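Here is a protein chain to explore at your own pace. Turn the structure around a few times, then read on for a guided tour of its helices, its pockets and a few of its residues.

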Amino acid sequence: MTDSRFDTRDRARAALLAGFPAIVLNSLALAAADLVPLATAHGGLLRLLMSWLGGFFTATGLPNLWAAGGLPTPDRPLFQAGFHIVVGLAMAFFYGFAAEPVLRGRPWHKGLHFAAGIWLLNATVILPLTGEGFAGRVHLTLAGMAWFAAAHTLFFVLLAVLYARLREPKKCTGQVE
């Protein structure tokens, strides 16, 4: 009988260790689009959350407390980068605890399925709710939409492959330590 605490810890460790390099690579891919320059769907989730929760946060006085602490506001690149990292790591944990156990196939196949599901959610719910239309078509070119999809697919496939590697049972080498 295995202790579920070990599995939970192992999944969390693998999600964190796989999620961090995946979100860094995703961030670099999105930053590369800015160098072209090619607009991609930067910040859709943050804009949506701010439109839904901004009034609540203002009513609580949290933005004043945040500003008094000298912390960056949501319109600043540092805040946006931090938000992107936090969301990426949250996706990694969601993958490790909810998606990976039910998806079938090789790790890269699981990553593609997870990427497609999240892309559909973003394209059909998040971006339309922010006024960007399906997949951001209001302000993005087809090339921008494709780059955005490719950068996020890269994130999810790398996440799935690294996660699987980190969850592999350690192979016995037969050597005595």
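## Pockets, helices and two residues

Helix 4 supplies nine residues to the lining of the largest pocket, and that is the largest share. Keep in mind that this is a predicted model.

Let us step back to the whole chain. It has six helices and zero strands, so the order of elements from the N terminus on reads α-α-α-α-α-α. The C-alpha atoms fill a box of roughly 60 × 40 × 30 Å along the principal axes. Of the 177 residues, 29% count as buried. Among contacts between residues at least 6 apart in sequence, 75% join residues at least 24 apart.

Now back to the pockets. The largest pocket has a volume of about 830 Å³. Its lining has 37 residues, and the closest to the centre are Leu-30, Ala-41, Gly-43, His-84 and His-152. Helix 1 (4-35), helix 2, helix 4, helix 5 and helix 6 (142-167) each give two or more residues to this lining. The second largest pocket holds about 360 Å³ of space. Among its 15 lining residues, Met-50, Phe-57, Pro-63, Pro-74 and Phe-79 lie nearest its centre. Here the elements giving two or more residues are helix 2, helix 3 (62-68) and helix 4, and the largest share, seven residues, comes from helix 2.

The table shows what kinds of residues make up each lining.

| Pocket | Nonpolar | Polar | Charged |
|---|---|---|---|
| Largest pocket | 24 residues | 11 residues | two residues |
| Second largest pocket | 12 residues | three residues | no residues |

Helix 2 deserves a visit of its own. How far apart are the end C-alpha atoms of helix 2? They are 24 Å apart, which agrees with the 24 Å that its 17 residues (44-60) should span at 1.5 Å a residue. The expected span is 1.5 Å times one less than the number of residues. Look along the helix, too, and you will find a bend of about 55 degrees at Leu-53. Its buried residues are Gly-44, Leu-46, Leu-48 and Gly-54. Helix 4 (77-99) and helix 5 (107-129) are among the elements that cover these buried residues. Just after helix 2 comes Gly-61, with a positive phi of about 85 degrees.

Two single residues make a good pair to finish with. Asn-26 has its place in helix 1. Is Asn-26 buried or exposed? Asn-26 is buried, because its relative accessible area of 1% falls under the 20% cut-off. Leaving aside neighbours within four places in sequence, Asn-26 is in contact with His-84, Ala-151, His-152 and Phe-155. You have met two of these partners already: His-84 and His-152 are among the residues closest to the centre of the largest pocket.

Phe-97, in contrast, lies in helix 4. Its relative accessible area is 37%, so Phe-97 counts as partly exposed, a label for values between 20% and 50%. Not counting residues up to four places away in sequence, Phe-97 touches Thr-8, Arg-11 and Ala-12. Try finding Arg-167 as well: Arg-167 and Phe-97 are 70 residues apart along the chain, and their C-alpha atoms are separated by 12 Å.

Key
Residues are numbered from 1 along each chain as its sequence is written. This is a predicted model: local features need pLDDT of at least 70, side-chain atom pairs count only at pLDDT 80 or more; totals for chains, interfaces and linings use all residues. Side-chain values use heavy atoms; hydrogens and water are left out. Helices (H or I, at least four residues) and strands (E, at least two) are DSSP runs, numbered from the N terminus. The bend at a residue is the angle between axes fitted to the seven residues ending there and the seven starting there. Buried means under 20% relative accessible area, exposed over 50%, partly exposed in between (1.4 Å probe, protein chains only). Contact means heavy atoms within 4.5 Å. On a 1 Å grid over the protein atoms alone, a cavity is a set of points where a 1.4 Å probe fits but cannot get out, and a pocket is an open set with protein on both sides within 12 Å along at least five of seven lines; lining residues have an atom within 4 Å of a point. Grid points are joined across faces, edges and corners, and a volume is the space filled by probe spheres set on the points. Ala, Val, Leu, Ile, Met, Phe, Trp, Tyr, Cys and Pro count as nonpolar, Asp, Glu, Lys and Arg as charged, and the others, Gly among them, as polar.
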